[in-house]
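Good morning, colleagues. Please look at the structure on the screen while I go through a few of its contacts and one of its strands.

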Amino acid sequence: VMDLSKITQLFSRRTGGIRRRLLKWGLALLGIGLIANNLAGSLYTRKVIMREAAKLQTEIATRVALEIEDFIRRKVERLLDFSVSTSLYEMGGKEQRLLALLLLKNDRAFTDASILDGSGMEVLKISERRVYLPSELADQSDSAKFKEAIKGESYISPVYTSDKAEPYVTITVPLKVTPQEVVGVVAVEANLKILWEVIGEIQFSQGGYAYLVDSRGNLIAHRDPSLVLKRTNLGSLNQIQEFLRNPLGVDPSPGGEDQGITGERVLSTFAPVRSLGWAVILEEPVDVALAELRMVERYAFLLLGVGIVLGALIIVWVSNRITAPIHELHHGAEIIGKGDLNYRVEIKTGDEIGQL
């Protein structure tokens with residue numbers, strides 16, 4: 001009787017304790033498992049999205065960089081063809097003037113053209129923007145455009161801006177009467193505003209866009225022309241600094257998260273335009289790139305809540321299955337403890353409780 005009384009006291013002190021502990025530890029373990037699974041899935045999905053974004057951006061940036069190189073190469077080839085034609089006529093003559101006018105008319109990127117003799121003196125200069133008088137022809141012998149082209153090589157100047165803040169480059173080629181004899185230089189000013197259309201048409205994913213910078217980080221082309229006209233320098237941006245440190249190299253961390261041109265967080269990649277020292281930059285807002293991930297995370301947290309509720313119901317059901325025989329045993333122990341030794345506890349669980 002004393003032993004049964006002790007058992008009764010033990011169960012009396014622990015009434016409801018097993019159920020509470022099962023619910024507490026069961027929900028804790030279930031919650032930890034579900035949260036860990038959600039976090040692992042979210043991190044993996046984010047990694048996949050970043051990797052795919054980097055791959056897509058690299059492919060597009062490289063393609064656009066090659067297109068821009070090809071665009072400038074065609075301009076140089078057209079100017080070389082022009083120099084071959086003009087070499088057949090007298091320096092500064094009317095035939096050369098007519099050919100120069102046709103060059104500007106047939107190529108809307110060229111706005112000014114000039115011909116320099118072997119000493120660097122301008123013998124002809126025409127423009128779509130103004131009329132040059134003979135007294136305005138100048139000595140260009142000390143200019144880089146003359147010094148490079150007179151050696152027999154093509155030359156492309158750094159980007160500069162007009163009085164209207166539009167980007168330009170000067171292209172010069174040698175004027176040869178024979179393959180070895182250079183008698184002068186042909187120079188044109190090329191307006192790069194045409195690249196605004198090329199860059200502005202680039203769209204990818206939901207909100208991706210591109211822009212073009214020169215070797216000093218100055219903005220050359222963007223879908224918003226006002227940013228170019230403001231003579232925007234982007235040298236403070238991390239992705240531009242990466243390019244300026246290695247102008248001929250590829251992006252060491254494509255698809256990386258950086259501050260974008262508008263100040264928002266973006267996934268960015270650059271591809272160098274190697275022959276010109278420029279770079280094509282691609283950006284996609286992080287919020288847009290990870291929008292699907294955010295949606296998946298919301299569904300995951302919803303499922304987390306549903307899982308915890310279902311888990312709680314299952315744990316309560318299991319705990320009832322465990323504690324019901326214990327309560328029956330407790331009740332029987334109280335009766336027997338009061339002296340009714342004929343009372344029998346009918347528990348058929350087939351486990352340790354039944355044995356007890």
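I begin with E197, which counts as partly exposed because its relative accessibility is 43%. Please keep in mind throughout that this is a predicted model. The side chain of E197 forms a salt bridge with that of R108, at 3.7 Å from N to O. This contact links distant parts of the chain, with the two positions 89 residues apart in numbering: E197 belongs to helix α5, residues 194-200, while R108 sits in the loop between α3 (94-106) and β1 (110-117). R108 has a relative accessible area of 57% and is therefore exposed.

Let me set beside this a pair within one helix. R63 and E67 both belong to helix α2, residues 17-86, and they are four residues apart, about one turn of the helix. Their side chains meet in a salt bridge at 3.0 Å, N to O. R63 counts as partly exposed, since its relative accessibility is 43%. E67 also counts as partly exposed, with a value of 37%.

A third salt bridge joins the side chains of D214 and R216, at 3.6 Å from N to O. How do its two ends stand in terms of burial? D214 is buried, with a relative accessible area of 2%, whereas R216 counts as partly exposed at 45%. There is also a network: salt bridges with shared partners join D70, R73, R74 and E77. Over the whole structure, the search finds 14 salt bridges.

I turn now to strand β7, residues 209-213. Why may we call β7 largely enclosed by the rest of the structure? Five of its five residues are buried, so the description follows from that count. As for side-chain direction, Y209, Y211 and V213 point one way from β7, and A210 and L212 point the other way; all are buried.

Which strands pair with β7? One is β11, residues 278-285, in the antiparallel sense over five bridges. Another is β8, residues 219-222, also antiparallel, over three bridges. L212 has a bridge partner in each of these strands: V280 in β11 and A221 in β8.

Finally, the hairpin of β7 and β8 has five residues between its strands, and there G217 takes a positive phi near 85 degrees.

That concludes my presentation, and I thank you for your attention.

Terms used: Residues numbered from 1 in each chain as written. Predicted model: local features only at pLDDT ≥ 70, side-chain atom pairs only at ≥ 80, totals over all residues. Heavy atoms only, no water. Buried < 20%, exposed > 50% of the residue type's maximum accessible area, 1.4 Å probe, protein only. Pairing = 2+ DSSP bridges. Salt bridge = Lys/Arg side-chain N within 4 Å of Asp/Glu carboxyl O.
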